[in-house]
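User: I would like to go through this model term by term, asking what stands behind each label. Please set the values against the definitions as we go.

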Amino acid sequence: MNAIVQLEYDFTPVVDALAESGMGVFPQFIAAPLIRALRHDVEKLPQHALTPAAIGRAHQLQTDDAIRSDKTRWLNGETPTQRYYQAIMMSLKQQLNRSLFLGLKEYECHYALYEAGDFYKTHLDAFRGRSNRRVTTVLYLNEDWQAHHGGELVIYPETRQGKIHRVLPNAGTLVCFLSDVFPHEVLPATRDRLSVSGWFRIDDPAVPAIIL
Ligand code: OGA
Ligand code: MN
(Lines give C-alpha, C1' and ligand atoms only; values in the text may rest on other atoms or scores of the structure.)
(Ligands and ions follow the chains in the order given, each with its own letter.)
Protein backbone atom coordinates (compact mmCIF):
# COMPACT_ATOMS: atom_id res chain seq x y z
CA MET A 1 0.00 0.00 0.00
CA ASN A 2 2.93 2.35 0.50
CA ALA A 3 3.11 3.11 -3.17
CA ILE A 4 -0.36 4.64 -3.15
CA VAL A 5 -0.09 6.59 0.07
CA GLN A 6 -0.26 10.29 -0.46
CA LEU A 7 -0.66 11.58 3.04
CA GLU A 8 -2.36 14.91 2.56
CA TYR A 9 -4.73 15.87 -0.18
CA ASP A 10 -5.29 19.58 -0.50
CA PHE A 11 -9.04 19.88 -0.83
CA THR A 12 -9.03 23.68 -0.94
CA PRO A 13 -10.07 23.79 -4.62
CA VAL A 14 -12.99 21.44 -3.90
CA VAL A 15 -14.13 23.43 -0.88
CA ASP A 16 -13.85 26.71 -2.81
CA ALA A 17 -15.73 25.38 -5.83
CA LEU A 18 -18.56 24.02 -3.69
CA ALA A 19 -18.79 27.35 -1.86
CA GLU A 20 -18.79 29.39 -5.06
CA SER A 21 -20.87 27.39 -7.49
CA GLY A 22 -22.01 24.22 -5.73
CA MET A 23 -19.92 22.03 -7.98
CA GLY A 24 -16.47 21.43 -9.41
CA VAL A 25 -14.53 19.18 -11.78
CA PHE A 26 -10.94 18.32 -10.85
CA PRO A 27 -8.90 16.50 -13.50
CA GLN A 28 -5.93 14.44 -12.26
CA PHE A 29 -6.99 14.96 -8.69
CA ILE A 30 -6.28 11.44 -7.46
CA ALA A 31 -2.84 10.06 -8.37
CA ALA A 32 -2.39 7.14 -10.76
CA PRO A 33 -1.27 4.47 -8.23
CA LEU A 34 -4.47 4.77 -6.20
CA ILE A 35 -6.58 4.80 -9.37
CA ARG A 36 -4.84 1.58 -10.47
CA ALA A 37 -5.35 0.02 -7.05
CA LEU A 38 -9.08 0.85 -7.13
CA ARG A 39 -9.41 -0.59 -10.63
CA HIS A 40 -7.66 -3.80 -9.57
CA ASP A 41 -9.93 -3.91 -6.53
CA VAL A 42 -13.00 -4.02 -8.81
CA GLU A 43 -11.40 -6.45 -11.21
CA LYS A 44 -10.70 -8.89 -8.36
CA LEU A 45 -14.38 -9.01 -7.39
CA PRO A 46 -16.26 -12.07 -8.57
CA GLN A 47 -18.42 -11.22 -11.56
CA HIS A 48 -21.69 -11.56 -9.67
CA ALA A 49 -20.53 -9.00 -7.06
CA LEU A 50 -21.60 -6.17 -9.34
CA THR A 51 -25.38 -6.09 -9.52
CA PRO A 52 -27.91 -4.02 -11.46
CA ALA A 53 -28.21 -0.65 -9.77
CA ALA A 54 -31.41 0.12 -7.93
CA ILE A 55 -33.51 3.25 -7.92
CA GLY A 56 -36.25 4.26 -5.53
CA ARG A 57 -36.77 4.55 -1.80
CA ALA A 58 -37.34 2.21 1.08
CA HIS A 59 -40.22 -0.19 0.33
CA GLN A 60 -40.13 0.68 -3.35
CA LEU A 61 -36.66 -0.40 -4.26
CA GLN A 62 -36.63 -1.53 -7.84
CA THR A 63 -34.28 -1.86 -10.72
CA ASP A 64 -35.37 0.11 -13.73
CA ASP A 65 -33.23 -0.35 -16.77
CA ALA A 66 -35.15 2.40 -18.55
CA ILE A 67 -33.48 4.90 -16.19
CA ARG A 68 -30.10 3.34 -15.58
CA SER A 69 -28.36 0.20 -16.76
CA ASP A 70 -25.09 0.21 -14.82
CA LYS A 71 -23.99 -2.36 -12.25
CA THR A 72 -22.78 -1.38 -8.79
CA ARG A 73 -21.05 -2.72 -5.72
CA TRP A 74 -20.88 -0.87 -2.39
CA LEU A 75 -17.45 -0.41 -0.86
CA ASN A 76 -17.50 -1.95 2.60
CA GLY A 77 -13.87 -1.50 3.57
CA GLU A 78 -13.05 -5.15 2.87
CA THR A 79 -9.68 -4.30 1.26
CA PRO A 80 -6.90 -1.87 2.21
CA THR A 81 -7.53 -0.01 -1.05
CA GLN A 82 -11.16 0.60 -0.15
CA ARG A 83 -10.25 1.70 3.35
CA TYR A 84 -7.64 4.04 1.97
CA TYR A 85 -10.08 5.70 -0.43
CA GLN A 86 -12.66 6.00 2.34
CA ALA A 87 -10.01 7.63 4.55
CA ILE A 88 -9.31 10.23 1.88
CA MET A 89 -13.02 11.00 1.67
CA MET A 90 -13.16 11.32 5.48
CA SER A 91 -10.51 13.98 5.19
CA LEU A 92 -12.57 15.77 2.51
CA LYS A 93 -15.57 15.56 4.85
CA GLN A 94 -13.61 17.20 7.65
CA GLN A 95 -12.51 20.04 5.43
CA LEU A 96 -16.04 20.58 4.08
CA ASN A 97 -17.46 20.62 7.60
CA ARG A 98 -14.78 22.94 8.91
CA SER A 99 -15.03 25.42 6.07
CA LEU A 100 -18.66 25.24 5.00
CA PHE A 101 -20.41 23.93 8.15
CA LEU A 102 -22.27 21.29 6.17
CA GLY A 103 -22.64 18.92 9.13
CA LEU A 104 -21.76 15.91 6.99
CA LYS A 105 -21.66 12.59 8.87
CA GLU A 106 -21.50 9.36 6.89
CA TYR A 107 -19.94 8.65 3.53
CA GLU A 108 -21.25 5.85 1.35
CA CYS A 109 -19.82 4.91 -2.03
CA HIS A 110 -20.05 2.26 -4.69
CA TYR A 111 -18.15 1.11 -7.70
CA ALA A 112 -20.18 1.53 -10.86
CA LEU A 113 -19.54 -0.34 -14.08
CA TYR A 114 -21.19 0.95 -17.22
CA GLU A 115 -20.65 -1.55 -20.01
CA ALA A 116 -20.70 -0.29 -23.59
CA GLY A 117 -24.14 1.19 -24.25
CA ASP A 118 -25.07 1.57 -20.57
CA PHE A 119 -26.45 4.91 -19.37
CA TYR A 120 -28.05 6.76 -16.48
CA LYS A 121 -30.75 9.19 -17.58
CA THR A 122 -31.05 12.69 -16.13
CA HIS A 123 -31.67 12.61 -12.40
CA LEU A 124 -30.97 14.30 -9.09
CA ASP A 125 -29.12 12.32 -6.42
CA ALA A 126 -31.32 13.77 -3.70
CA PHE A 127 -34.55 15.67 -3.30
CA ARG A 128 -34.49 18.57 -0.91
CA GLY A 129 -35.92 17.67 2.46
CA ARG A 130 -36.43 14.07 1.37
CA SER A 131 -32.92 12.71 1.45
CA ASN A 132 -29.90 12.77 3.70
CA ARG A 133 -27.53 12.99 0.78
CA ARG A 134 -25.86 16.38 0.61
CA VAL A 135 -22.69 16.17 -1.47
CA THR A 136 -21.97 13.80 -4.38
CA THR A 137 -18.48 12.69 -5.36
CA VAL A 138 -17.58 10.79 -8.53
CA LEU A 139 -14.09 9.50 -9.23
CA TYR A 140 -13.22 7.94 -12.59
CA LEU A 141 -10.93 4.96 -13.09
CA ASN A 142 -10.59 4.82 -16.91
CA GLU A 143 -7.16 5.05 -18.53
CA ASP A 144 -6.81 6.55 -22.01
CA TRP A 145 -10.37 7.72 -22.31
CA GLN A 146 -10.91 9.54 -25.62
CA ALA A 147 -13.75 11.90 -26.53
CA HIS A 148 -14.96 9.47 -29.19
CA HIS A 149 -15.56 6.84 -26.49
CA GLY A 150 -18.53 8.94 -25.26
CA GLY A 151 -19.64 8.18 -21.70
CA GLU A 152 -19.64 11.80 -20.58
CA LEU A 153 -21.18 12.89 -17.34
CA VAL A 154 -23.39 15.85 -18.32
CA ILE A 155 -24.21 18.22 -15.46
CA TYR A 156 -27.06 20.65 -16.04
CA PRO A 157 -27.39 23.97 -14.25
CA GLU A 158 -29.98 24.46 -11.55
CA THR A 159 -31.48 27.26 -13.64
CA ARG A 160 -31.76 27.48 -17.41
CA GLN A 161 -29.12 30.20 -17.62
CA GLY A 162 -26.18 28.34 -16.18
CA LYS A 163 -23.40 26.45 -17.87
CA ILE A 164 -23.72 22.81 -18.91
CA HIS A 165 -20.64 20.78 -17.94
CA ARG A 166 -19.53 17.75 -19.91
CA VAL A 167 -17.00 15.58 -18.14
CA LEU A 168 -15.03 12.78 -19.76
CA PRO A 169 -14.59 9.92 -17.27
CA ASN A 170 -10.80 10.08 -17.31
CA ALA A 171 -8.71 8.26 -14.70
CA GLY A 172 -8.10 10.51 -11.71
CA THR A 173 -10.82 13.08 -12.42
CA LEU A 174 -12.90 13.88 -9.35
CA VAL A 175 -16.31 15.57 -9.64
CA CYS A 176 -18.13 17.06 -6.64
CA PHE A 177 -21.52 18.69 -6.51
CA LEU A 178 -24.40 19.41 -4.17
CA SER A 179 -26.60 16.33 -4.47
CA ASP A 180 -29.97 18.08 -4.54
CA VAL A 181 -29.08 20.92 -6.91
CA PHE A 182 -27.70 19.61 -10.20
CA PRO A 183 -29.59 17.31 -12.57
CA HIS A 184 -27.07 15.11 -14.38
CA GLU A 185 -26.85 12.12 -16.69
CA VAL A 186 -24.36 9.56 -17.93
CA LEU A 187 -24.25 9.15 -21.70
CA PRO A 188 -23.61 5.74 -23.26
CA ALA A 189 -20.02 4.88 -24.11
CA THR A 190 -18.40 2.56 -26.61
CA ARG A 191 -16.28 0.83 -23.95
CA ASP A 192 -16.51 -0.15 -20.28
CA ARG A 193 -16.63 2.81 -17.92
CA LEU A 194 -15.68 2.46 -14.25
CA SER A 195 -16.25 4.96 -11.48
CA VAL A 196 -16.63 5.30 -7.73
CA SER A 197 -19.75 7.30 -6.88
CA GLY A 198 -20.20 8.46 -3.33
CA TRP A 199 -22.39 10.59 -1.13
CA PHE A 200 -21.83 12.48 2.08
CA ARG A 201 -24.92 12.24 4.24
CA ILE A 202 -26.20 14.28 7.14
CA ASP A 203 -28.24 11.48 8.74
CA ASP A 204 -31.03 13.65 10.02
CA PRO A 205 -33.56 11.25 11.57
CA ALA A 206 -36.39 13.54 10.44
CA VAL A 207 -35.62 12.63 6.85
CA PRO A 208 -36.81 9.19 5.72
CA ALA A 209 -34.12 6.65 4.86
CA ILE A 210 -33.14 6.43 1.25
CA ILE A 211 -31.51 3.30 0.02
CA LEU A 212 -30.69 3.87 -3.61
C1 OGA B 1 -24.67 8.32 -9.92
C2 OGA B 1 -24.12 9.13 -11.04
C3 OGA B 1 -22.29 9.71 -12.50
C4 OGA B 1 -21.09 9.12 -13.19
O5 OGA B 1 -24.10 7.25 -9.62
O6 OGA B 1 -25.66 8.76 -9.30
O7 OGA B 1 -24.79 10.04 -11.45
O8 OGA B 1 -20.48 9.86 -13.98
N9 OGA B 1 -22.90 8.83 -11.57
O10 OGA B 1 -20.76 7.95 -12.98
MN1 MN C 1 -26.21 10.69 -9.92
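User: What makes His123, Asp125 and His184 donors of the manganese ion (ligand 2)?

Analyst: This is a predicted model, in which local features need pLDDT of at least 70 and side-chain atom pairs count only at pLDDT 80 or more, while totals for chains, interfaces and linings use all residues. Residues are numbered from 1 along each chain as its sequence is written, chains are lettered from A and ligands numbered from 1 in the order in which they are written, and side-chain values use heavy atoms, with hydrogens and water left out. Donors are N, O and S atoms within 2.8 Å of the metal (3.2 Å for Na, K and Ca), and sites may look incomplete because water is not among the atoms. The manganese ion (ligand 2) is coordinated at 2.1 Å by His123 through NE2, Asp125 through OD and His184 through NE2, and along the chain these donors follow the spacing H-x1-D-x58-H.

User: Why can the pair Asp125 and His184 be said to tie together parts that are apart in sequence?

Analyst: Asp125 lies in the loop between strand E5 (120–123) and E6, whereas His184 belongs to strand E10, so the pair ties together parts 59 residues apart in sequence. Strands here are DSSP runs (E, at least two residues) and helices are likewise DSSP runs (H or I, at least four), numbered from the N terminus. Both Asp125 and His184 are buried, a word that stands for under 20% relative accessible area, as against exposed for over 50% and partly exposed in between (1.4 Å probe, protein chains only).

User: Why is Asp180 called buried or exposed?

Analyst: Asp180 has a relative accessibility of 14%, and therefore counts as buried. Its place is in the loop between strand E9 (174–178) and strand E10 (184–186). Contact means heavy atoms within 4.5 Å, and, leaving aside neighbours within four places in sequence, Asp180 is in contact with Leu124, Ala126, Phe127 and Arg128.

User: Which label does Met90 receive, and why?

Analyst: Met90, found in helix H3, counts as partly exposed because its relative accessibility is 29%. The C-alpha atoms of Met90 and Lys105 are separated by 9.2 Å, the two residues being 15 apart along the chain.

User: How do you know whether Leu113 is buried or exposed, and what does it touch?

Analyst: The relative accessible area of Leu113 is 15%, so this residue is buried. Leu113 is found in strand E4 and, not counting residues up to four places away in sequence, touches Leu50, Asp70, Lys71, Asp118, Asp192, Arg193 and Leu194. Leu50 is 63 residues away along the chain, yet its C-alpha atom is separated from that of Leu113 by 7.8 Å.

User: What makes the buried residues of H1 line one face of the helix?

Analyst: In helix H1 (residues 12–21) the buried residues are Val14, Val15, Ala17 and Leu18. Seen down the axis of H1, they fall within an arc of 165°, so they line one face; the arc is that of the directions from the helix axis to the C-beta atoms. Ala19 and Glu20, on the other side of H1, are exposed. The cover over the buried residues includes strand E1 (23–26), helix H3 (80–100), strand E6 (133–140) and E9.

User: Why are E5 and E8 called edge strands?

Analyst: Two strands pair if DSSP finds at least two bridges between them. An open sheet is formed by 4 strands in the order E5-E10-E7-E8, with antiparallel pairing, and E5 and strand E8 (165–167) are its edge strands, each pairing on one side only. Strand E7 (residues 153–155) and E8 pair over 3 bridges in the antiparallel sense, and Val154 has Arg166 in E8 as its bridge partner.

User: What is noteworthy about phi in Phe101 and Asp144?

Analyst: Most residues other than glycine have a negative phi. Phe101 is not a glycine, yet its phi is positive, near 55°, and Asp144, also not a glycine, has a positive phi of about 55°. Phe101 lies in the loop between H3 and strand E4 (107–114) and is exposed because its relative accessible area is 71%. Asp144 lies in the loop between E6 and E7, and with a relative accessible area of 61% it is therefore exposed.
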